[in-house]
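Hi,

Here is the structure I promised to pass on. Have a look at it first, and then read my notes underneath.

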Amino acid sequence: MKSCPALAVLSALLLGPGLGRADTAVEGIVTLPRTHAAPVMNQRYEIITEGGILSTNPPLAVVYLEGTFPPAGDPPVQQVAQKDFAFLPALLPVQVGTRVAFPNLDNTYHNIFSYSPAKRFDLGRYRSDERPIPEQQFDTPGLVVLRCDIHEHMRGLILVLDTPHFVVTDAAGHYRLGRLPAGHYTLKAWLTSRTTLERPVDLRDGATLHVDFP
Amino acid sequence: MTPPSEPPPSGFARFRVKLLVAMMLVVSLVTAVVLFFAQRNVSASVQRELERAFEGDLSSLHAAEEIRYAMLAERCRALARRPRIHAALEDGALDLLYPTARDELADVMDPGDQGTDAGPYAFHARFYRFLDGAGRVLSPPDPQMAGRLSPVEEAQLTLPAVPDRLQIGYLLQEPPGGPRVVDEVIAMPIVSTETGEVIAALVLGFKPFEAGGKYSPVGLKSGLWVQGRLLLPALDPAVEAALGRRVGEAMAAARALETSFTVNVGPTPSLLFCRQLNPTSRFPPAFEVCIYPLTEALARERRLSWQFVSAGGLLLLAAFAASHVFSRRLSRPVEKLAVDSAENHAQRQRAEAALELTNQELQRSARFSADASHQLKTPVTVLRAGLEELLAGERLAPDAREEIETLVHQTFRLTSVIEDLLLLSRMDAGRLQIAFERVDLTALLEAFLDDLGALPDGPDLAVETDIPTGLVIAGEKRYTGLILQNLLENARKYNRPGGRIRVTARADDGWCVLTVGNSGHPIPAEAREQIFERFHRGTMGENVPGHGLGLNLARELARLHGGDLRLSRSDEAWTEFEVRFRLALAAAPLA
């Protein structure tokens, strides 16, 4: 896989600017696990565990393109708020090196921490008037489980990905990844902490590839 | 009343002593029985009170323990829910487990070293460890961090599997050179909030609950029996070891979760209560051992016993005094009775002696009359024979012959008197008895009336009869005849010349009433009873033959017959005797 990304980067550098107008994309449907939950209201998702496997409920998937991509500067600061004693969004995919802010939107203390190998941190207790808003930078790819030391039921997931190309499906599983470089990559769909599906993809300039999972 | 000079009979003193002894015996018996039951009652109630006190102490101890357990369990549960500990276990950060726990358990852990004592309700843990999902101990990177335990002690915390419920165990620590210590161990399962499975366990060691003497008003001492060793710091080590062996044996024998028995703790008899503290735990069994010294209870019981005995003694003394008084009072009427009885006895003896004397005299006089009669009969017979021989002689002058005939006649009279006397004497001596038989009174009367008519020298008398036929009476014919003969003879003898004799008989309600009347001279009123006495003769003069025994004899005989003879009428015109006989029953022969 080492040589192949190099080739892709090269082609992206060479071909990218010239083909700016034609969007190279992947789209499709990730078949999400069936759920018995009620229809989603207000985009509230929660993290559930079944048999030690973390996922969102209702199910969502993160589709991302894995490969070697040229660094594109500092990714923008993302945000995971604590609102109504839940993390919002419950599942946040970020690129490696992304800083994530954790504003407290509840009228009480929260204490966000993570013991996950991908990122260990402890923000301590703070309230909504805490300034600056505590941030963390996520430099290691992997799944980070967010917990609150005060509210033991609160869970959040940050999926740190070593790629700038990722998207969260909608509730039906539809996704579209656009502005992709052409080349040979692996398209992955993260479903749960244990399940990540993958497909090799050949992206051609200006073409939209249709990939369904599974 | 008894004259004071006369002492009570000796038997009476014996009676009084016996009464006193009997009363004392009864009193003693009653006192003994009452004391026995009271003693038993009191003893039982002392025992009950003791048990209640013991149970009360024990239950307050257990209540305190339970509260403590509940609080410890709650603390452990709260600790086991800490998100950081969960995060360390669930998010694969075991290296952060003990550092995290040190922070999280900082307020639980004993702040000082093992020395500080926060009292019996101390909730401070002395150590803690985590068990992994298989029940093995996760050793802390730095033993100081989680309370020092030797590897051996740490190994004792290992469970065969991670527990799904709270477990209580006891960990015996024997640091070299230091005192033995037992820690109460609570293993709290850590349930994953993600999977709902038990992923680990938190084991906390606490200083065990102590119910020392100062917390127990009645000297209840409690300790622990762990791994065959007894830890009861209040006891001497040797006593402790011996008692530990004893408890081990008892528990092995009892095979129960709890048992109690009496045991000598050193010199002190004590009630020992033993209970398994962790019956369902996966840790090795540990027992709570409570010792309740019976010294005070026994002393109290002894004191009570003495009180009872002395009270009983006093009671007995009082009762004896009372019984003495009572026996005296009770025996007083008896004493009087006894004295009276003695007097009565003497009187009766005197009366009996007099009676005996009288009887003897009577017998003697009766025998005398009988003897006299016998002695007289013979010479009279000889006399008569001689006189009749003289009369038979040819040479008697007519004057002399008349004289001799008179004499002969007198001998007959004499014989008659003698015979009557003989009969009377037999009756007096009670030797005459009527051999009852059926006597045909009608026939007997007719025979006598015939004889009466045939008498040559009788006055010219008219005889009237009114006798029903077939009158049968109970009597002896010979003596019945004597009665009739006497009456008829009297009626003839004392009659006027040319007078009447009337004989009537009738049956009257089981009796036969016979009357013999004559028209003789009346009997004076003052002599009417005397005529029945012996040798009494009427005033009618000596010319009438008779000797004054007839009526007496007739009456005595009539009475022997069960009847009677009386004078029923005597006036100028008529004198009448009435005799009653019993009628013989129709068919039955008479006894």
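Below is what I found, chain by chain, with the contact between the chains at the end.

One thing before you start: this is a predicted model.

**Chain A**

Chain A has 214 residues, and 36% of them are buried. Its secondary structure comes to one helix and 19 strands. Looking at contacts in chain A with a separation of 6 or more, 64% are between residues 24 or more positions apart.

On confidence, chain A has a mean pLDDT of 82, with 84% of its residues at 70 or more. The stretch to be wary of is residues 12–20 of chain A, where the pLDDT is below 50; beyond near neighbours in sequence, that stretch has nine contacts in the model.

There is an open sheet of three strands in chain A, in the order β16-β1-β19, and its pairing is mixed. Its edge strands are β16 (174–177) and β19 (208–210) of chain A, each of which pairs on one side only. On average, and ignoring direction, neighbouring strands here are turned by 15° against each other. Strand β1 (residues 25–29) of chain A runs antiparallel to β16(A), and four bridges join the two. If you want a place to look along that pair, Gly28(A) sits opposite Tyr175(A) of β16(A).

Elsewhere in chain A, β10(A) and strand β11 (residues 119–126) run antiparallel and are joined by six bridges. The connection between β10(A) and β11(A) is a hairpin through two residues. Along this pair, His110(A) has Tyr126(A) in β11(A) as its bridge partner.

I also took a look at one loop residue. Where does Gly97(A) sit? You'll find Gly97(A) in the loop between β8 (91–95) and β9 (98–101) of chain A. Is Gly97(A) buried, exposed or partly exposed? Gly97(A) has 16 C-beta neighbours inside 10 Å, so it counts as partly exposed; being buried would take 20 or more, and being exposed 12 or fewer. Leaving out residues up to four places away in sequence, Gly97(A) touches Asp74(A), Pro75(A), Gln137(A) and Asp139(A). Val160(A) is 63 residues from Gly97(A) along the chain, yet their C-alpha atoms are separated by 8.6 Å.

**Chain B**

Chain B runs to 591 residues, of which 25% count as buried. It contains ten helices and 17 strands. Among contacts in chain B with a separation of 6 or more, 64% come from residues 24 or more positions apart.

An open sheet in chain B has five strands in the order β7-β6-β10-β9-β8, with antiparallel pairing. β7 (229–231) and β8 (258–265) of chain B each have a single partner strand, so each of these edge strands has one side left without a neighbour in the sheet. Ignoring direction, the average turn between neighbouring strands of this sheet is 25°. Helix α5 (residues 237–254) of chain B packs on the sheet and touches β6, β7, β8, β9 (268–276) and β10 of chain B. The direction of α5(B) makes about 145° with that of β8(B).

Within that sheet, β6 (residues 221–226) and β10 (residues 286–293) of chain B pair in the antiparallel sense over six bridges. Ser222(B) stands opposite Cys290(B) in β10(B).

There is also a helix pair to look at. Helices α9 (residues 477–493) and α10 (residues 550–560) of chain B pack at about 145°, and their axes are 9 Å apart. The crossing of α9(B) and α10(B) is left-handed. Residues making the contact include Leu482(B), Ile483(B) and Leu487(B) from α9(B), and Leu553(B), Ala554(B) and Leu557(B) from α10(B). The residues of this helix contact split into nine nonpolar, three polar and one charged.

**Where the chains meet**

How many residues does each chain bring to the contact? Twelve residues come from chain A and twelve residues from chain B. On the chain A side, β10 (110–116) and β13 (142–148) each supply at least two residues. That side of chain A divides into five nonpolar, four polar and three charged residues.

Cheers

Note on methods: Residues are numbered from 1 along each chain as its sequence is written. Chains are lettered from A and ligands numbered from 1 in the order in which they are written. This is a predicted model: local features need pLDDT of at least 70, side-chain atom pairs count only at pLDDT 80 or more; totals for chains, interfaces and linings use all residues. Two residues are in contact if their C-beta atoms, placed from the backbone, lie within 7 Å. Ala, Val, Leu, Ile, Met, Phe, Trp, Tyr, Cys and Pro count as nonpolar, Asp, Glu, Lys and Arg as charged, and the others, Gly among them, as polar. Two strands pair if DSSP finds at least two bridges between them. Axes are lines fitted to C-alpha atoms, for helices over the stretch in contact, and angles run from 0 to 180 degrees between N-to-C directions. pLDDT is the predictor's confidence in each residue, from 0 to 100. A crossing is left-handed if the near helix is turned anticlockwise from the far one by less than a right angle, and right-handed if clockwise.
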